[in-house]
Amino acid sequence: MSSIKDKENNRTIMLIDVNSAFLSWEAAYRASYGSAGNGPDLRDIPSIVGGDSKKRRGIVLAKSVPAKKYGIRTGDTVKEAMNKCPRLTVVPPNHELYNKASAAFVGFLQEITPFVEQYSVDECFIDVTGVNGLDADPVKTGDWIRHEVFLRFGYTVNVGISTNKLLAKMASELKKPDMTHTLYPEEIEDKMWPLPIEELFMSGPSTSFQLKQLGINTIGDLACAGKDYLIKHFKPSRGTMLYNYANGIDESHVHPHEHLPKSIGNSSTIPYDISDEKSAHLMMLSLCEMVGKRLREHGMQAGVIGIMIKDSHFRHYLKSEKLPYCTQCTQTIYGFAKDLFGKLWNGCPIRAIGVYTSGLIKDENKQLTFIHEEDKFDRIDPVIDRLRREYGNSIIMRGGFVDSGMRCVKGGTGDTQYFPHMHSAL
DNA sequence: TCTGGGGTCCTAGGACCC
DNA sequence: TCTGGGGTCCTAGGACCC
């Protein structure tokens, strides 16, 4: 049992989770800055960060505690949320701010210990085993971290503490906000086993439904189900994982090293359905601009390109293709994406399109066996990237975008940039 | 005013080779 | 002419996370 082994190893792992991250960051920013500083704190009123319904992106990305009391949940449509609470305050997302806030948050944790693994934009695992005596009294350390984050940045976090990552993660979810929780192996039976099965990490809607069909309703039920029985129903990989997680077993370590992405892609929902190839191509080109830019920023080359079409009935289709060579060139990616689109699209009105790359390798590992047409872009793309960094994306655009009303670089939330502290970033 | 966007990992099935 | 399997690669799609 690794939980016992972990205890012998006496590792102290924590998961630090920003409470209602997007909303907290909005509120902290408004409180320390700007015009909205006079108004009420978003965290004290029913409020959400949500997309624009007119652009068909209207879902709840984060909610305040008062909004939660109205039954508003992340992922609700903004319309549903408004129905639940008509006086709801809705603020649009500002991903640039969140990326800066996230980097400041990670930077702070890295001051505490080098063993920081960023799990998501608003969550980090840290391993404080043997670090400056921080593991002598983990709860005290957790409380100190919460206090320090609040002092420096003005928002609250949850701290989950245990001997492995799974249990630290489950601990951090126990009660929010602004809490420190432990979930040591000897506490599993009391604190984790009574929870409903959908509370277990990696037991999502589909798995939870199947488990309930089997009469397994709590994490404790799952822990007591036979491993072989679970393997029979869920295949070895998933069955073993479910069994281990329900029993608090997790062998994985906190990996502080720089994260190399395995795939890079961007997608976008279009405010109105697209029914013509020309518009779809232009949309894809703007996504390819973003994907190419991000590949180059990471110093990576893609060996596989894929596209996704979501039609007006919300069905989605994928098509991907291994390339004869690796590339990070916008024009090349676009060429393959167009080919894939031609093979995939059945003429149905299109709601969203995505362009994805995978099979990524570092630049230096690219085989220089062949000279390609794209080689001239090796010099052009970086110049375009630099111009856009300095003057904005519209400083240079491919011909098709002129007078198209479409943004020439499109997609998502952008990459995280490093900023040492939030207040210096703001 | 219906339903985002960024990822990771896993599996199934077909192609292809030995 | 029919009949094998093992192994790997590729692609499509699903489940999960935030």
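How many strands form the open sheet, and in what order do they stand? The views below are of a predicted model, in which local features need pLDDT of at least 70 and side-chain atom pairs count only at pLDDT 80 or more, while totals for chains, interfaces and linings use all residues. Residues are numbered from 1 along each chain as its sequence is written, and chains are lettered from A and ligands numbered from 1 in the order in which they are written.

**View 1. The open sheet.** The sheet is formed by 5 strands in the order 5-6-1-7-8, with mixed pairing; strands are DSSP runs of E of at least two residues, and helices runs of H or I of at least four, both numbered from the N terminus, and two strands pair if DSSP finds at least two bridges between them. Strand 5 (116–120) and strand 8 (180–182) are the edge strands, each pairing on one side only. On average, neighbouring strands of this sheet are turned by 20° against each other, direction ignored. Within the sheet, strand 1 (residues 13–18) and strand 6 (residues 123–127) pair in the antiparallel sense over 5 bridges, and Asp 17 stands opposite Glu 123 in strand 6.

**View 2. Helices across the sheet.** Helix 6 (residues 138–153) lies across strand 1, strand 7 (157–162) and strand 8, and runs at about 160° to strand 7; angles run from 0 to 180 degrees between N-to-C directions, with axes as lines fitted to C-alpha atoms, for helices over the stretch in contact. Helix 7 (residues 165–172) lies across strand 1, strand 6, strand 7 and strand 8, and runs at about 140° to strand 7. Two residues are in contact if their C-beta atoms, placed from the backbone, lie within 7 Å.

**View 3. Helix 2 against helix 5.** Helix 2 (residues 21–32) packs on helix 5 (residues 95–112) at an angle of about 90°, their axes being 10 Å apart. Helix 2 is therefore roughly perpendicular to helix 5, a term that covers 65 to 115 degrees, whereas angles under 35 count as roughly parallel, over 145 as roughly antiparallel and the rest as oblique. Phe 22, Trp 25 and Tyr 29 of helix 2 meet Leu 97, Tyr 98 and Ala 101 of helix 5 in this contact.

**View 4. Helix 12 against helix 13.** Helix 12 (residues 277–298) and helix 13 (residues 330–344) pack at about 140°, with their axes 9 Å apart, and are therefore oblique to each other. Among the residues making the contact are Met 284 and Leu 285 of helix 12 and Ile 333 and Phe 341 of helix 13.
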